Amino acid sequence: MPSAPPSFIARLSIGQKLAVAFGLILLLLIGSFSATLVYLSRVNSYVDRHQRITIPGVITAADMLRNVAEIETRMHRARTHLSGADRVAAFHAIAEIERRTLTALDTYQATHAARTHPILYGMLEQHGQTDLALQEDMAIVAIADGLTSLRAQREDLAAAAAQSLDESAAAEATYEQAAARTQDIIASLIDVHRKIDTEMKIEGDRLVDQARTMVMGILGLLGLLIVTIYIVMKRQVANPLKRLAATADRVAHHDLAAQFEPWPSRDEVGALAGSLTAMLTSLRDHSTALIRKTKELEAFTYSIAHDLKGPLREIEGFSSLLEKQFAESQDAQLRHHIDIIRGSALRLTHMIDALLKYSRLEQQDLPRLRFNVMEMISSLLVERQQLLTGAPVKTTVHLPYSDLYGEPVSVRQAITNLLDNALKFSRHTASPAVAIGGQQTSTEQVLWIRDNGIGFDAGQTDKIFGLFERLHSPGEYEGTGVGLAIVKLVMEKHGGRVWAESTPGQGSTFFIAFPIQVH
């Protein structure tokens, strides 16, 4: 069954995924910023209209109201207290106030009326308050009619005063009624204008609420987008990397049975998974081949060792017979040759045994545990003191720790080899001494063995840990040249290190360091 093609997200690289994620966030932020600016501009436009329309409109209407009241007051004073030229002057002043009032009314109608502002009138339509605009129009017409009526009555009264005719009380009452009616209409216009202003405030509050809701919605959407991006990146990048890291750690600890799961994404994680899978396949192939070769080499080693040890036993056996047969011989050279043959056969046998021991150790997995290294050293010293035949050796032990984490058998072998070397190379000293000590740091436990023997040149430090490497001939000091190589191999198996410090004629100090196990 053919597999489904990868999704759009799966085809993107990690960089492209991040670019898409940040692009979406940026677009959302730009959109929210733009929408907020639009709403703020609309709110500011209503604030601006309030400053340009409502406040000046109320002021203009209040001026008209004051003008009508002043007209009424001047008319009453002119008719009751003035005469002649003063009355004529008063009528002219009243006519000027009438003119200013009509001009103010025209200004109101042209600038402050709701119908002259499409946005304002549209707002009234949305609120279902178009009757306020109608009431405003009717009030403007009524005010214009009232002012026209007052002007006509003022002209009649002025004409009568010019002809010295008596003015009737009814005419004065009619004038006052017209003035009072005009004032009431102007007051109603102010009330209508204030109601329109209230609708503007309601619209402004509505826009602010919409802007607040929009911002909260955008913030919620932004939070949802961020959470979604986090989940996608966690599933597409973080979790696969964790699984790859866990599998890689198993492989690093020689678990070649681990499997890198296939990842459908074509991003860097998918490429890494593919590369690691190919690497693991190659490691398995090489490991299988290495195991096969190792087994073949091990079989060959044991076969060669067996085949060599047979003739060597025969050589050693026959040389031993010859030694006994010619024990009474006076031929010193013959006895010397027999000794060389037998010693060489024994030395070669010991070398084969040491080589087999090294080979077995190299192939072993060393299970580690915590054991008491002080007890181990004490038992080794007791055994070695019983085997010593020369001058007594002064031994001191001072370890700052008693427990060690490692494989006890191989560690015992390594310490035994170092201790035997210290005893061997210090036995010709007048007062042989061997000291065992150590130190503990935050990362490792160090154990050292120091002797006061013959020492060696510091330039040969690396050489002495090689297989079959010797600094002295077998006639001077016995040995196979494998002991220190085994010490090095044991420390490598434990992930530790080994080194030596020495000065010719002043003894040597060998160090082995074990890493501290972190739980």
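Contact here means heavy atoms within 4.5 Å. The structure is a predicted model.

**Exercise 1. The chain as a whole**

Find how many helices and strands the chain has, and what share of its contacts is long in sequence.

Solution.
- Step 1. Count the elements: the chain holds eleven helices and seven strands.
- Step 2. Take the contacts between residues at least 6 apart in sequence; 73% of these join residues at least 24 apart.
- Step 3. Look at burial: of the 519 residues, 35% count as buried.
- Step 4. Look at the surface: the chain exposes about 29,800 Å², and carbon and sulfur atoms supply 59% of that area.

**Exercise 2. The sheet**

Work out which strands stand at the edges of the five-stranded sheet, and why one side of each is left without a neighbour.

Solution.
- Step 1. Write down the order of the open sheet, β2-β4-β5-β7-β6, with mixed pairing.
- Step 2. Read the ends of that order: β2 (394–398) and β6 (497–502) each have a single partner strand, so one side of each lacks a neighbour in the sheet.
- Step 3. Add the twist, which averages 15 degrees from one strand to the next.
- Step 4. Examine one pair inside the order: β5 (residues 444–451) and β7 (residues 508–515) run antiparallel and are joined by seven bridges. Leu447 has Ile512 of β7 as its bridge partner.
- Step 5. Add the helices. Helix α10 (residues 408–426) packs on the sheet, where α10 touches β4 (433–440), β5 and β7, and its direction makes about 25 degrees with that of β5. Helix α11 (residues 483–493) lies across β6 and β7, at about 25 degrees to β7.

**Exercise 3. The largest nonpolar core**

Determine which element gives the most residues to the largest nonpolar core.

Solution.
- Step 1. Recall a general point: in soluble globular proteins, nonpolar side chains tend to be buried together.
- Step 2. Identify the core, which has 35 residues; among those that touch the most other members are Leu447 and Ile512.
- Step 3. List the elements that each supply at least two residues: α9 (373–387), α10, β4, β5, α11, β6 and β7.
- Step 4. Pick the main contributor: α10 gives the most, with seven residues.
- Step 5. Follow one residue. Beyond its neighbours within four places in sequence, Ile377 is in contact with Val397, Leu399, Ile415, Ile436 and Leu447.
- Step 6. Note that another core of 28 residues lies apart from this one, and includes Val68, Ile97, Ile140 and Ala178.

**Exercise 4. A loop residue**

Decide whether Ala258 is buried or exposed.

Solution.
- Step 1. Locate the residue: Ala258 lies in the loop between α6 (169–252) and α7 (268–325).
- Step 2. Compare its relative accessibility, 0%, with the cut-off for buried, under 20%; Ala258 therefore counts as buried.
- Step 3. See what touches Ala258. Leaving aside neighbours within four places in sequence, the contacts are Thr247, Arg250, Val251, Leu280 and Arg284.

**Exercise 5. A salt bridge in a helix**

Explain why Asp63 and Arg66 are separated by about one helical turn, and classify each by accessibility.

Solution.
- Step 1. State the bridge: the side chains of Asp63 and Arg66 meet in a salt bridge, 1.9 Å from N to O.
- Step 2. Use the spacing: both are in helix α2 (residues 14–81), and because they are three residues apart, about one helical turn separates them.
- Step 3. Classify: Asp63, at 28% relative accessibility, is partly exposed, whereas Arg66, at 51%, is exposed.

Note on methods
Residues numbered from 1 in each chain as written. Predicted model: local features only at pLDDT ≥ 70, side-chain atom pairs only at ≥ 80, totals over all residues. Heavy atoms only, no water. Helix = DSSP H or I, 4+ residues; strand = E, 2+ residues; numbered from the N terminus. Buried < 20%, exposed > 50% of the residue type's maximum accessible area, 1.4 Å probe, protein only. Areas by Shrake-Rupley, 256 points an atom, 1.4 Å probe, with all protein chains shown as cover. Pairing = 2+ DSSP bridges. Axes fitted to C-alpha atoms, helices over the stretch in contact; angles between N-to-C directions. Core = buried A, V, L, I, M, F, W, Y, C linked by side-chain atoms within 4.5 Å. Salt bridge = Lys/Arg side-chain N within 4 Å of Asp/Glu carboxyl O.
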